[in-house]
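Thank you all for coming; I would like to take a few minutes to walk through one model with you. Please have a look at the sequence and the structure before I begin.

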Amino acid sequence: VQLQASGGGLVQPGGSLRLSCAASGRTFETDATGMGWFRQTPGKEREFVAAIRWSGGGTYYADAVKGRFTISRDNIKNMLYVQMNLLKPEDTAVYYCAAALRRLGWRPSPRAYEYDYWGQGTLVTVSS
């Protein structure tokens, strides 16, 4: 399974950005359970952002982004997205997508150990 995140860049406070994550691999197509977005800044631990169940689309958000970010997925294209609105300087981070496979009873989770594969990250900088 390979995950390729993209869409990062420089945006002003209050602006919007949409990140994408392309998932590939036969195992993903048959066994995907859910996906999530995490972010990390230098010197800090990786932080949960949002997660979505691959079948059924149930979602879960970190309090810090609730109401501003929207996670979605396209099951046909094997794509994960996060629409980020009303961006703040504190949203500046490297954003990573992650996938959970073959996890019975999996629910959208903020716990990194409940994901099996990780993308390489894309940098989002919110600054004027």
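I will talk about a disulfide and then about the strands around it.

Before that, please keep in mind that this is a predicted model, in which local features need pLDDT of at least 70 and side-chain atom pairs count only at pLDDT 80 or more, while totals for chains, interfaces and linings use all residues. Residues are numbered from 1 along each chain as its sequence is written, and side-chain values use heavy atoms, with hydrogens and water left out.

A search of the whole structure finds one disulfide, meaning a pair of cysteine sulfur atoms within 2.5 Å. Its partners are C21 and C97, whose sulfur atoms lie 2.1 Å apart. C21 sits in strand 3 (residues 17–24) and C97 in strand 9 (residues 93–101), so to speak of distant parts of the chain is fair, as 76 residues separate them; strands here are DSSP runs of E with at least two residues, numbered from the N terminus. The torsion about the S-S bond of C21 and C97 is about 65°, and therefore the disulfide is right-handed. Both cysteines, C21 and C97, are buried, that is, under 20% relative accessible area with a 1.4 Å probe, protein chains only.

What stands opposite C97 in strand 9? It is W37. Strand 4 (residues 32–40) runs antiparallel to strand 9, joined by eight bridges, and eight of the nine residues of strand 4 are buried. Strand 4 also pairs with strand 5 (residues 47–53), again antiparallel, over six bridges, where pairing requires that DSSP finds at least two bridges between two strands.

Notes:
Helix = DSSP H or I, 4+ residues; strand = E, 2+ residues; numbered from the N terminus. Buried < 20%, exposed > 50% of the residue type's maximum accessible area, 1.4 Å probe, protein only.
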